[in-house]
Amino acid sequence: MAAPALHGQELEPRTYANTPVGLNFLIAGYGHLEGGVAIDPALPIENTQVEVHSVAFAYVRSLGFLGKSAKFDVVLPYAWASVSATALGLLRERDVSGLADPRARFSVNFYGAPALSLEDFKNYQQDIIIGASLEVTAPGGQYDAGKLLNLGTNRWSVKPEIGVSKHLGPVTLELAGGIRFYTDNDDFFGGRLREQEPIYSVRGHLIYSFNHGIWAALDGTFYTGGQIIVDGVKRNNRQENTRLGATVALPVNRQNSVKLYFSTGVSTRVPAPISMRPGLSGNTDSAEGFDECTDQGKADDERSLTNNLLIRKQGG
């Protein structure tokens with residue numbers, strides 16, 4: 001299982017806002033996640049808890065593309081993750097740290113947001129913006145095929161998205177929908193083949209702009225799909241989750257600002273009833289989890305567990 005919260009459960013507002021061309025942004029961020037993980041109830045695993053601390057460094061460049069405003073960004077995350085669970089009656093724990101999978105994204109606003117210099121941008125007034133983006137996540141994170149908990153996923157993912165933004169006085173409304181596609185992980189926990197069907201997502205933001213460059217947003221996302229297949233065996237583990245969050249941006253000076261972000265899960269679909277609780281921040285990517293069990297007396301049960309482990313982040 002890939003440590004949650006390192007990839008996308010995207011709740012990022014103002015993705016499709018117009019920006020003067022030729023600007024460069026350097027970003028450093030910190031995130032914290034903790035909470036329970038929803039498990040297939042047929043498996044001998046319970047009381048699963050995950051805690052992740054992560055830092056991310058990003059570079060963003062605004063540019064013109066065919067006369068339209070566009071942006072390119074790349075993100076390099078690093079994380080420390082701890083997970084504990086009761087598996088087959090025994091307490092299992094694992095701590096891991098390292099790079100998570102890096103991400104690159106190109107977005108372009110093809111309607112309502114022309115490419116403007118900083119000087120020309122002073123006279124720009126937004127109405128409706130329609131844009132699109134393409135995000136690629138590369139398998140560059142820490143990965144050990146002998147473990148189930150990893151920070152990397154050992155696979156690529158690609159997410160095309162289309163979004164629209166409408167300006168209404170101090171309020172901006174945003175709506176975006178996308179599909180994330182995954183390549184196969186052919187070295188999942190000892191050489192097994194792990195496939196995942198696409199995840200379909202929609203997100204919305206209500207943004208209010210205050211004076212002096214301060215803005216705040218209410219964020220929401222819904223996603224579904226992502227059924228996992230291990231060695232050709234498909235289980236009833238389709239994901240269906242809803243998250244709500246809030247974002248506040250506070251300028252420090254003309255060149256720097258601080259952005260605060262919080263989100264929590266409000267609903268999660270699991271194959272059967274299971275106790276769940278909300279947590280902080282999160283991710284749709286399924287998790288890849290614990291030290292390999294070595295007790296030969298439980299080999300059959302553990303082999304079944306390995307083949308059928310279908311862990312998903314439960315909204316926190």
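This section describes confidence, salt bridges, strand pairing and two buried loop residues in a predicted model.

The mean pLDDT of the chain is 82, with 78% of the residues at 70 or more. Two stretches fall below 50. In residues 4-8 the pLDDT is below 50, and the model gives this stretch 23 contacts beyond near neighbours in sequence. Residues 271-316 likewise stay under 50 in pLDDT, and for these residues 165 contacts are found beyond four places in sequence. Where pLDDT is low, the predicted coordinates should not be read in detail.

A total of 11 salt bridges is present in the structure. One of them joins the side chains of Glu 12 and Arg 105, with an N to O distance of 3.2 Å. Glu 12 belongs to the segment before β1 (24-38), whereas Arg 105 is part of strand β5 (residues 103-111), so this pair ties together parts that lie 93 residues apart in sequence. The two partners were assigned to separate burial classes: Glu 12 is partly exposed, at a relative accessible area of 34%, while Arg 105 is buried, at 9%.

A salt bridge is also formed by Asp 73 and Arg 103, whose closest N and O atoms are 3.0 Å apart. Asp 73 is located in strand β3 (residues 68-87) and Arg 103 in strand β5, and the pair therefore ties together parts separated by 30 residues in sequence. Asp 73 and Arg 103 are both buried. These residues belong to a network of salt bridges that links Glu 12, Asp 73, Arg 103, Arg 105, Glu 135 and Arg 180. The pair of Glu 161 and Lys 159 forms another salt bridge, in which the closest N and O atoms are 3.6 Å apart. Both Glu 161 and Lys 159 are buried.

Strand β5, which holds Arg 103 and Arg 105, takes part in two strand pairings described here. With β3, the strand that contains Asp 73, β5 pairs in the antiparallel sense over 6 bridges. Within this pairing, Phe 72 has Phe 106 of β5 as its bridge partner. The pairing of β5 with strand β6 (residues 128-137) is antiparallel as well and extends over 8 bridges. Here Tyr 111 stands opposite Ile 130, a residue of β6.

Two loop residues were examined in addition. Gln 227 is located in the loop between β12 (215-225) and β13 (228-230). The residue is buried, with a relative accessible area of 14%. Its contacts, leaving aside residues up to four places away in sequence, are with Glu 195, Gln 196, Glu 197, Lys 234, Arg 235, Asn 236, Asn 237 and Arg 238. For one of these partners, Asn 237, the C-alpha atom is separated from that of Gln 227 by 5.5 Å, the two residues being 10 residues apart along the chain.

Phe 189 is placed in the loop between β9 (185-188) and β10 (192-196). Phe 189 is buried, and its relative accessible area is 7%. The C-alpha to C-alpha distance between Phe 189 and Asp 144 is 7.9 Å, and the two are 45 residues apart in sequence.

How values were computed
Residues numbered from 1 in each chain as written. Predicted model: local features only at pLDDT ≥ 70, side-chain atom pairs only at ≥ 80, totals over all residues. Heavy atoms only, no water. Salt bridge = Lys/Arg side-chain N within 4 Å of Asp/Glu carboxyl O. Helix = DSSP H or I, 4+ residues; strand = E, 2+ residues; numbered from the N terminus. Buried < 20%, exposed > 50% of the residue type's maximum accessible area, 1.4 Å probe, protein only. pLDDT = per-residue confidence, 0-100. Contact = heavy atoms within 4.5 Å. Pairing = 2+ DSSP bridges.
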